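Work through these exercises with the model open. Try each task before you read its solution.

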There are 2 protein chains.
Amino acid sequence: MTRAITLRSRPVGWPTEDNFELVEVELPPLREGQILVRNLFMSVDPYMRGRMNEGESYVPPFEVGEPLQGGAVGEVVESRAPEFEIGDTVLHNYGWREHAVMDASEAQKITPLPGVPLSAYLGVLGMPGLTAYVGLLDIAAFKEGDAVFVSGAAGAVGSVAGQIARLKGASRVVGSAGSETKVRYVIDKLGFDDAFCYKANGPVVQQLRRAVPDGIDVYFDNVGGEHLEAAIEVSRRYGRTAMCGAISTYNDPEPPPGPRNLFQVIAKRLTLRGFIVNDHADRMPDMIKEIGQWLQERRITFEETVVEGLENAPAAFLGMLRGENLGKMIVRLV
Amino acid sequence: MTRAITLRSRPVGWPTEDNFELVEVELPPLREGQILVRNLFMSVDPYMRGRMNEGESYVPPFEVGEPLQGGAVGEVVESRAPEFEIGDTVLHNYGWREHAVMDASEAQKITPLPGVPLSAYLGVLGMPGLTAYVGLLDIAAFKEGDAVFVSGAAGAVGSVAGQIARLKGASRVVGSAGSETKVRYVIDKLGFDDAFCYKANGPVVQQLRRAVPDGIDVYFDNVGGEHLEAAIEVSRRYGRTAMCGAISTYNDPEPPPGPRNLFQVIAKRLTLRGFIVNDHADRMPDMIKEIGQWLQERRITFEETVVEGLENAPAAFLGMLRGENLGKMIVRLV
């Protein structure tokens, strides 16, 4: 037996704790080629909100009554697969539970980097890191000298995207975040040139213009809505937006209207491009190499907000949607 | 002296004849390096509406009290430039007038193709043709086998874009137009696989889905608004939209909100890219070569709606904005 969190019911609008249930589930016996993993850390991510709806998102919806899924790091405690030994550390997608049985092909062995916690494989060295890397470099085609705007700049993805831009020679990197504490973190710890709190001090477009008076070349969009309209407004000619997420809209029962200034996409010859990190697994080795190196050299930094215990995973997820995390929101399971 | 149409006042919302004035203007004496051109045909195009506003568009605004500008084909009647002889046919940007004095560098000599009227250099072989060519092939990165949707399919740009897609091996080409007559033209004459009238028979998204049940890979957007939302809805993964124009919104005093389904740009990994044909003059020779060849082989066709006389140019422009033209709207000046 192990403990898991199931989707009790599909949320309408903002999810609540009632949409989740902590249950005991049977662990099937290991078949040949399978491993049993004890999870150490699990991830809660914005994209999971989409999977809680019925058939609306880009990955299959979670099933009501079944354990949720998501990134997790664990250790192999039983193995009937020659590739894995007891004690190996693995990254896999059976989060939201304390133990999981899986085929060897569903687990990826990781070699811990000195001085880097295992949880980093759910953040800066994992899916969020790859999202930032691919979104900035491949989708937005960032090049040295570009002025870059990152929304959700204190979050798991945004914090990495902005630092990559800085390390690769952006002329200016600015970010938005949801509190003054986060704004300070983004400037003081992550090394952005400027940042602003989008919940205070006036419309996003005004604050963005103040932060980057000469305009932007690249917008890394994690939030959608008003931010996207502001970024289009402040874009220079040939500007490029990587559309990565739209967390500001995920809990709207009806999707909000898009930017009113789409004509500027024509007038300024802009490119808006959506992407899903799953398509870009081939870039994982490049990302691990570059970001791993920067981590070793302490040129890139990251923060985690850690919640303890599987029973608190729903609260961690809800807090992340409300923006209560600084950096990556992690649930520690052991 | 010559006759010209000036901008009497800036339109607010839909322009009217009162925004224009027919005047007599002095022709300056020819300086060294200049030519005097008698205009034969002039163009009226959607983008001109943007130039009638104050500093809002991507080209400098027209000046109140000054002659309007735009594409025109004329013949050289006086020359103080060695590159031009009397009788040469030239394409230039001093439309909206019967005669014009210009520097030789502002005129482009054209060699008429057998069987192709000179006015084609304002349409299928001119700026609209280049817009279609670049938008489809370079901006939307069309490739053989793509399913293509073109809005404004009976217009100067759309009619060419759809035919290029057909000639280059689209799996399916569908279009929208503003009347049943245009729909018949698009299917019967231009060879689209299907077309629908967006003003009747229900929402654009429903009609589009009926016309192309398996979805689209490329959307060539001439109209913006509801069409763009419908195209995003019906796009397949990795779909690409060339944002060329938004004629449905040009006369709105306030820009309308954008599509409500922008999240699908992420979920489906779509690319929306705006462009301005002026940036792509380097593709003119390729376009002339390919489309010229197709014209000679009668594999591509075009239609013109011809209005007679400079005094009727404002009416032609207004009619074009209302969609009264089939194919390119042309004003014959001689």
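**Exercise 1. Polar links between the chains**

Task: State how many residue pairs are in polar contact across the interface of chain A and chain B, then find which elements of chain A supply the touching side.

Solution. Start with the count. In this predicted model, 14 residue pairs are in polar contact across the interface of chain A and chain B, both residues being at pLDDT 80 or more. Next, look at the elements. On the side of chain A that touches chain B, β12 (235-243), α7 (263-267) and β13 (271-274) each supply at least two residues. Then sort that side by class. Chain A offers 20 nonpolar, five polar and five charged residues there.

**Exercise 2. Extent of the chain contact**

Task: How many residues does each chain bring to the contact, and what area is buried?

Solution. Take the residues first. Chain A gives 30 residues, and chain B gives 30 residues. Now the area. About 2600 Å² is buried between chain A and chain B. Carbon and sulfur atoms give 60% of that area.

**Exercise 3. Charges and strands across the interface**

Task: Count the salt bridges between chain A and chain B. Then find the partner of A:L272 in β13(B).

Solution. The count is two salt bridges across this interface. One salt bridge joins the side chains of B:R269 and A:D279. Their N to O distance is 2.7 Å, which falls within the 4 Å cut-off. Turn to the strands. β13(A) pairs with β13 of chain B, residues 271-274. The sense is antiparallel, over three bridges. Within that pairing, A:L272 has B:L272 as its bridge partner.

**Exercise 4. Two domains in chain A**

Task: Where do the domains of chain A lie, and what links them?

Solution. Set the bounds. Domain 1 covers 2-123 + 303-332, and domain 2 covers 127-278. Their centres, taken over C-alpha atoms, are 28 Å apart. Count the contact. Domain 1 of chain A brings 22 residues, against 15 residues of domain 2. Add the area. About 1400 Å² is buried between the two domains, with 62% from carbon and sulfur atoms. On the domain 1 side, A:Y58, A:G123 and A:L326 supply 27% of the area buried against domain 2, more than any other three residues. Check the polar links. There are zero salt bridges between the domains, but six residue pairs are in polar contact, both at pLDDT 80 or more. Finish with the elements. α1 (47-51) and α9 (313-321) of chain A each supply at least two residues of the domain 1 side that touches domain 2. By class, that side has eleven nonpolar, five polar and six charged residues.

Note on methods: Residues are numbered from 1 along each chain as its sequence is written. Chains are lettered from A and ligands numbered from 1 in the order in which they are written. This is a predicted model: local features need pLDDT of at least 70, side-chain atom pairs count only at pLDDT 80 or more; totals for chains, interfaces and linings use all residues. Side-chain values use heavy atoms; hydrogens and water are left out. Contact means heavy atoms within 4.5 Å. Buried area is the accessible area (1.4 Å probe) that two parts lose on being put together, summed over both. A polar contact is a pair of N or O atoms within 3.5 Å; within protein, one must be able to donate a hydrogen and the other to accept it, and residues adjacent in sequence count only if both atoms are side-chain atoms. Helices (H or I, at least four residues) and strands (E, at least two) are DSSP runs, numbered from the N terminus. Ala, Val, Leu, Ile, Met, Phe, Trp, Tyr, Cys and Pro count as nonpolar, Asp, Glu, Lys and Arg as charged, and the others, Gly among them, as polar. Two strands pair if DSSP finds at least two bridges between them. Domain bounds come from an automatic or database domain assignment.
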